[in-house]
Amino acid sequence: MNRVHRAIAALLLHMTIASALAAAGLSTALAQQAQPDGSQHYTMQEMVDAGHNYFGSATDGFARVVENAFQQYGLPNGYVLGEEASGALVGGLTYGEGQLYTKNAGEHPVFWQGPSLGFDYGGQGSRVMMLVYELGSVDDIYGRFAGVSGQAYAVAGAGMTVLQGAHVVIVPIRTGVGARIGINIGYLKLTRRPTWNPF
């Protein structure tokens, strides 16, 4: 009888330990899910430094625009550095190319083109940085991104617009945008290879 009691006690002890370990494991898993992996995201200072190096200037306006983007959307998990040419006579076209940078999926070429509608005229060539949010995979960057009404923001010679895709948000930041901030009324189509078709 004592042997049976000891066996039952041992079994209960094992079950208690197993339950405690399982609960601890579940709590750890939930905590990891609740907190995004910061190693895959970029800090504001990383983006400011990358932009200053790429644009070749350290304007206060650029840093303030980046700060505004981070305040609204948090930490991006990708960004694009590239060049674009655009022109407009009420209706306009934009063509660009650059490189997508990520911390966990490497670097990938990206091209973009698209129509715009606004009250701006003329043409320009410029460098651009695009902050990329909620990028689940590299394939998510390729597609159409429409302008979000009322989200244009400009200060001290730098400006940003906000473009929304199916799952991804991209925030193009340009320096010296001036009157061409109206380009956010339209969309950009991001592709793996260059094309002249903006639609």
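## Strand pairing, cores and loops in a predicted model

Strands E5 and E7 pair in the antiparallel sense, with 3 bridges between them. The model described here is predicted. Within the E5–E7 pair, Gly-159 has Arg-174 of E7 as its bridge partner. Strand E7 is mostly covered, since 6 of its 7 residues are buried.

**Overall composition**

The protein contains 3 helices and 8 strands. Along the sequence these follow the pattern α-α-α-β-β-β-β-β-β-β-β. Of its 199 residues, 39% count as buried. The accessible surface comes to about 10800 Å², and 59% of that area belongs to carbon and sulfur atoms. Among contacts with a separation of 6 or more, 66% are made by residues 24 or more positions apart.

**Strand pairing**

Strand E7 also pairs with strand E6 (residues 163–164), in the antiparallel sense and over 2 bridges. A hairpin of 4 residues joins E6 to E7, and Leu-163 stands opposite Ile-170 in E7. Leu-163 takes part in a further pairing, as the bridge partner in E6 of Gly-147. That bridge belongs with the antiparallel arrangement of E3 and E6, which are joined by 2 bridges.

Strand E3 (residues 143–147) in turn pairs with E8 in the antiparallel sense, over 4 bridges. Here Arg-144 has Lys-189 as its bridge partner in E8. Strand E8 (residues 187–191) has 4 of its 5 residues buried, so the rest of the structure largely encloses E8. The pairings are collected below.

| Strand pair | Sense | Bridges |
|---|---|---|
| E5 and E7 | antiparallel | 3 bridges |
| E6 and E7 | antiparallel | 2 bridges |
| E3 and E6 | antiparallel | 2 bridges |
| E3 and E8 | antiparallel | 4 bridges |

**Nonpolar cores**

The largest nonpolar core has 23 residues, and those with the most contacts inside it are Tyr-79, Met-129, Leu-131, Val-171 and Ile-173. Two or more residues of this core come from each of helix H2 (44–55), helix H3, strand E1 (78–101), strand E2 (107–133), strand E5 (158–160) and strand E7 (169–175).

The surroundings of Leu-131 illustrate how these elements meet. Leaving out residues up to four places away in sequence, Leu-131 touches Met-47, Ala-69, Phe-70, Pro-76, Gly-78, Tyr-79, Val-169, Ile-170, Val-171 and Ile-173. Another core, of 17 residues, lies apart from the largest core; among its members are Val-80, Leu-100, Val-138 and Leu-163. Leu-163 is thus both a member of this second core and the residue opposite Ile-170 in the E6–E7 pairing.

**Helix H3**

Helix H3 (residues 60–73) has 14 residues and reaches 20 Å from its first C-alpha to its last, close to the 20 Å expected at 1.5 Å a residue. Its buried residues are Gly-61, Phe-62, Val-65, Val-66, Asn-68, Ala-69 and Phe-70. An α-helix has 3.6 residues a turn, so residues three or four places apart point the same way. Two of the buried residues of H3, Ala-69 and Phe-70, are in the list of residues touched by Leu-131. Gly-74 follows the helix and has a positive phi, near 85 degrees.

**Two loop residues**

Thr-102 is placed in the loop between E1 and E2. Is Thr-102 buried or exposed? With a relative accessible area of 11%, Thr-102 is buried, because a residue counts as buried under 20%. A polar atom of the Thr-102 side chain lies 2.9 Å from the backbone nitrogen of Ala-105. The side chain of Thr-102 also reaches the backbone oxygen of Gly-106, at 2.9 Å. Apart from neighbours within four places in sequence, Thr-102 is in contact with Tyr-42, Asn-77, Gly-78 and Leu-135. Of these, Gly-78 is also touched by Leu-131.

Glu-134 is placed in the loop between E2 and E3. The relative accessible area of Glu-134 is 61%, and Glu-134 is therefore exposed, the cut-off being over 50%. Although Glu-134 is not a glycine, its phi is positive, at about 60 degrees.

Note on methods: Residues numbered from 1 in each chain as written. Predicted model: local features only at pLDDT ≥ 70, side-chain atom pairs only at ≥ 80, totals over all residues. Heavy atoms only, no water. Expected span 1.5 Å × (residues − 1). Buried < 20%, exposed > 50% of the residue type's maximum accessible area, 1.4 Å probe, protein only. Contact = heavy atoms within 4.5 Å. Areas by Shrake-Rupley, 256 points an atom, 1.4 Å probe, with all protein chains shown as cover. Core = buried A, V, L, I, M, F, W, Y, C linked by side-chain atoms within 4.5 Å. Pairing = 2+ DSSP bridges. Polar contact = N/O pair within 3.5 Å; in protein donor to acceptor, adjacent residues only side chain to side chain.
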